[in-house]
Amino acid sequence: MTVLPVTIWGEPVLHRRAAEVDAFDDELRTLIADMFETNDAANGVGLAAPQVGVGKRLFVYRFANDDGAPASGVVVNPVLTLSKVSGALPDPDEDEEGCLSFPGGQYPLKRAEWARVQGFDGDGNPVDFEATGWFARVIQHEYDHLDGKLYVNRLIDRYGRKAMKLAKKSGWGVPGLTWMPGVDPDPFGH
């Protein structure tokens, strides 16, 4: 298994819809193993393939939950069904989110409180589970990556402006920028 570099906001693969996975083979299983290794080295709760430069529709997660889903898993070609997102303003203490591809930035964002996830595991077997609360947030966050969106694209104006100031100050928004989990300093201070 290999730790892969994590792409940073501005890398084109992060901003376009990822392609469906059409082969459940050793190459896919190697990618999944490398993504788990990278996610663990980055102290992440989830990682989507575009975040490691691969434009395919899959993500991995490690998140203990009370929803009956495995605490660690992969979902290939996922389909999400969501509950309605509250129209209330995000709570800065309860709804703060971060992203390995927007390193160090953390901003409040409202998400659906419930999600149903359907797709496949790395061998092509069906996966179907429900997620609530923070686990639902993790699933939605990773799924967004597969559609070319980062959580900063969904922020309300005041937090969106703060995020763009961080991006500008950090020199992001251009192709070719990455950080290496386990080598570079942890952007979230874990």
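In which sense, and over how many bridges, do S5 and strand S6 pair? S5 and strand S6 (residues 102-108) pair in the antiparallel sense, over four bridges, where two strands are said to pair if DSSP finds at least two bridges between them. Strands here are DSSP runs of E with at least two residues, helices are runs of H or I with at least four residues, and both are numbered from the N terminus. The model is a predicted one, in which local features need pLDDT of at least 70 and side-chain atom pairs count only at pLDDT 80 or more, whereas totals for chains, interfaces and linings use all residues. Residues are numbered from 1 along each chain as its sequence is written, and side-chain values use heavy atoms, with hydrogens and water left out.

S5 and S6 form a hairpin with two residues between them, and within this pair Gly98 stands opposite Gln106 in S6. The side chains along S5 alternate, with Glu97 and Cys99 pointing to one face and buried, while Glu96 and Gly98 point to the other and are not buried; buried means under 20% relative accessible area, exposed means over 50%, and partly exposed lies in between (1.4 Å probe, protein chains only).

An open sheet is formed by five strands in the order S2-S3-S4-S7-S8, with antiparallel pairing. Strand S2 (46-48) and strand S8 (126-132) stand at the edges and have a single partner strand each, so one side of each is left without a neighbour in the sheet. Neighbouring strands of this sheet are turned by 40° against each other on average, direction ignored; axes are lines fitted to C-alpha atoms, for helices over the stretch in contact, and angles run from 0 to 180 degrees between N-to-C directions. Strand S3 (residues 58-62) is joined to S4 by five bridges, the two running antiparallel, and Tyr61 stands opposite Gly73 in S4. Helix H1 (residues 26-41) packs on the sheet and touches S2, S3 and S4, its direction making about 40° with that of S3, where contact means heavy atoms within 4.5 Å. H2 also packs on the sheet, touching S2, S3, S4, strand S7 (114-120) and S8, and the direction of H2 makes about 125° with that of S8.

Further along the sheet, S4 and S7 run antiparallel and are joined by five bridges, with Gln118 in S7 as the bridge partner of Val79. Seven bridges join S7 to S8, again in an antiparallel arrangement, and Ala115 stands opposite Ala131 in S8. These two strands, S7 and S8, form a hairpin with five residues between them, and Gly124 in the turn has a positive phi of about 90°. The side chains of S7 alternate, so that Ala115, Val117 and Gly119 point to one face and are buried, while Trp114, Arg116, Gln118 and Phe120 point to the other and are not. Alternation is also found along S8, where Val127, Phe129 and Ala131 point to one face and are buried, while Pro126, Asp128, Glu130 and Thr132 point to the other and are not.

The largest pocket holds about 360 Å³ of space. On a 1 Å grid over the protein atoms alone, a pocket is an open set of points with protein on both sides within 12 Å along at least five of seven lines, and lining residues have an atom within 4 Å of a point; grid points are joined across faces, edges and corners, and a volume is the space filled by probe spheres set on the points. This pocket is lined by 20 residues, of which Gly44, Val45, Glu97, Gly98 and Cys99 are the closest to its centre. Strand S5 (96-99) and helix H2 (133-146) each supply at least two residues of the lining, and H2 gives the most, with five residues. By class, the lining divides into eight nonpolar, eight polar and four charged residues, with Ala, Val, Leu, Ile, Met, Phe, Trp, Tyr, Cys and Pro counted as nonpolar, Asp, Glu, Lys and Arg as charged, and the others, Gly among them, as polar.

The second largest pocket has a volume of about 230 Å³, and among its 18 lining residues Val85, Lys110, Arg111, Gln140 and Arg154 lie nearest its centre. H2 provides the largest share of this lining, three residues.

Notes: On a 1 Å grid over the protein atoms alone, a cavity is a set of points where a 1.4 Å probe fits but cannot get out, and a pocket is an open set with protein on both sides within 12 Å along at least five of seven lines; lining residues have an atom within 4 Å of a point.
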